[in-house]
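Subject: Structure handover

Hello,

Here is the structure for you to work with. My notes on what turned up in it follow below.

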Amino acid sequence: MFSVFILTYNEELDIAACIESAMLSDDIIVVDSCSSDRTVEIANRYPVRVFEHPFESHGRQRTWMLESIMPKYEWVYILEADERMTPELFAECEQATQNPDYIGYYVAERVMFMNRWIRHSTQYPRYQLRLFRHGKVWFSDYGHTEREVCNGATSFLKETYPHYTCSKGLSRWIEKHNRYSTDEAIETLHQIEQGDVKWRDLFFGKSEVEKRRALKDLSLRLPARPLVRFFYMYFLLGGCLDGRAGMAWCTLQAFYEYLILLKAWEMKHMPVPSLETKVSVAQTSTQVDVV
């Protein structure tokens with residue numbers, strides 16, 4: 001058996017189905033980022049433990065969770081509210097925890113969008129570290145998301161999990177990616193100024209994870225990134241085979257890339273005015289109104 005952590009924020013539409021999919025475990029822990037909707041109320045209807053902690057970043061939230069909440073079991077699985085645990089995946093996870101050679105396992109997601117599995121344009125199989133031995137894995141921030149730091153060898157599971165990326169509607173997706181694009185713009189400027197491209201990992205990486213990360217570092221330096229990303233996803237990866245949903249998905253991802261570029265340009269060329277500047281502008285405006 002293993003414990004399941006579920007990360008939430010305003011997930012009243014998804015939390016019940018997510019918890020129910022994970023109830024093969026008898027230790028489910030909901031870590032909520034101080035939701036303003038009924039997420040916590042709904043979660044408390046189930047035999048789970050619920051904790052609340054203000055959200056700072058994805059990496060810090062996971063670090064706080066792993067340091068502050070003691071799971072019942074040695075192995076833990078991280079599940080997000082718009083994802084589901086399947087019986088087949090649960091069974092493979094149970095089996096994997098018996099292998100002493102590894103401290104963690106990557107699991108591939110199946111992106112579900114417009115009632116369809118977007119298999120081609122999502123770089124499937126795209127892996128995330130989800131199952132690991134407690135105390136052997138930590139997380140740091142990277143862009144809008146996080147990257148794991150592993151103290152030991154890792155491997156990959158064959159079973160996958162569905163990820164309902166637009167389960168709360170397109171407006172919520174756009175609002176969320178508007179926030180994400182700010183963090184990605186910051187990371188873009190940082191990587192261009194201080195990072196580099198790991199060419200060896202790009203061509204000879206030991207795993208899909210190493211190759212994908214090297215490809216992302218390269219993509220940050222490409223001209224016309226939104227157009228390049230659309231062409232890569234829709235034509236090279238085969239997004240055209242995903243039908244109408246694939247076309248919509250590739251277009252949204254190109255839009256997201258363009259938003260990152262615009263914000264990166266704004267951060268570099270139009271810095272946010274200081275508090276003194278804002279006060280001066282406000283005083284000038286008041287004086288003009290009085291006159």
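Asn-115 sits in the loop between β5 and β6. This is a predicted model, and in it Asn-115 has a positive phi of about 60° although it is not a glycine. Asn-115 counts as exposed because its relative accessibility is 86%. Ala-224 also has a positive phi, near 55°, and is a residue other than glycine. Ala-224 belongs to the loop between α7 and α8, and its relative accessible area of 45% makes it partly exposed. For context, most residues other than glycine have a negative phi, and most peptide bonds are trans. The peptide bond that joins Tyr-124 and Pro-125 is cis, with omega at about 0°. Pro-125 is in the loop between β6 (116–117) and β7.

Next, the charged pairs. A search of the whole structure gives 19 salt bridges. One of the pairs is Glu-148 with Arg-213, at 2.8 Å from N to O. Glu-148 lies in strand β9 (residues 145–150) and Arg-213 in helix α7 (residues 208–219), so this salt bridge ties together parts that are 65 residues apart in sequence. Glu-148 is buried, with a relative accessible area of 14%, whereas Arg-213 is partly exposed at 22%.

Helix α7 also takes part in a salt bridge between Glu-184 and Lys-216, at 3.2 Å from N to O. Here Glu-184 is in helix α5 and Lys-216 in helix α7, 32 residues apart, and the pair links distant parts of the chain. Glu-184 is buried because its relative accessibility is 5%, which falls under the 20% cut-off. Lys-216 has a relative accessible area of 27% and is partly exposed.

Arg-45 and Glu-41 form a salt bridge as well, with 3.2 Å from N to O. Arg-45 is exposed, with a relative accessible area of 55%, while Glu-41 counts as partly exposed at 42%. Separately, a network of salt bridges links Glu-11, Asp-14, Arg-84 and Lys-168.

Back to helix α7 itself. The helix has 12 residues, and the distance from its first C-alpha to its last is 16 Å, close to the 16 Å expected at 1.5 Å a residue. Val-209, Ala-214, Asp-217 and Leu-218 are buried in α7. The cover over the buried residues of α7 includes strands β5 (104–113), β7 (126–133), β8 (137–142) and β10 (154–164), along with helices α5 and α6 (199–204).

On the aromatic side, the count comes to 13 pairs. Among them, Phe-2 and Tyr-77 make a tilted pair, 6.4 Å centre to centre with 45° between the planes. Phe-2 lies in the segment before β1 (3–8) and Tyr-77 in strand β4 (residues 75–80), so the pair ties together parts that are 75 residues apart in sequence. Both Phe-2 and Tyr-77 are buried.

Phe-230 and Tyr-234 are stacked, because their ring centres are 5.3 Å apart and their planes are at 15°, under the 30 degrees that the term requires. Both of these residues lie in helix α8 (residues 225–236), 4 residues apart, or about one turn of the helix. An α-helix has 3.6 residues a turn, so residues three or four places apart point the same way. Phe-230 and Tyr-234 are both buried. Ring pairs join Phe-230, Phe-231, Tyr-234 and Phe-235 into a cluster.

What does Cys-93 touch, apart from its neighbours within four places in sequence? The contacts of Cys-93 are Phe-2, Tyr-77, Leu-131 and Leu-157, and the first two of these names are the tilted ring pair described above. Cys-93 is in helix α4 (residues 87–96) and counts as buried, with 0% relative accessibility. The C-alpha atoms of Cys-93 and Tyr-46 are 23 Å apart, and the two residues are 47 apart along the chain.

Last, the surface. Leu-170, Ile-174 and Phe-255 make a nonpolar surface patch of about 260 Å². Ile-174 belongs to helix α5 (residues 170–194) and counts as partly exposed, at 38% relative accessibility.

Regards

Note on methods
Residues numbered from 1 in each chain as written. Predicted model: local features only at pLDDT ≥ 70, side-chain atom pairs only at ≥ 80, totals over all residues. Heavy atoms only, no water. Patch = residues over 30% accessible without salt bridge, like charges linked within 9 Å, V, L, I, M, F, W, Y side chains within 5 Å. Areas by Shrake-Rupley, 256 points an atom, 1.4 Å probe, with all protein chains shown as cover. Salt bridge = Lys/Arg side-chain N within 4 Å of Asp/Glu carboxyl O. Helix = DSSP H or I, 4+ residues; strand = E, 2+ residues; numbered from the N terminus. Buried < 20%, exposed > 50% of the residue type's maximum accessible area, 1.4 Å probe, protein only. Expected span 1.5 Å × (residues − 1). Contact = heavy atoms within 4.5 Å. Phe/Tyr/Trp six-rings, centres within 6.5 Å; stacked < 30°, edge-to-face > 60°.
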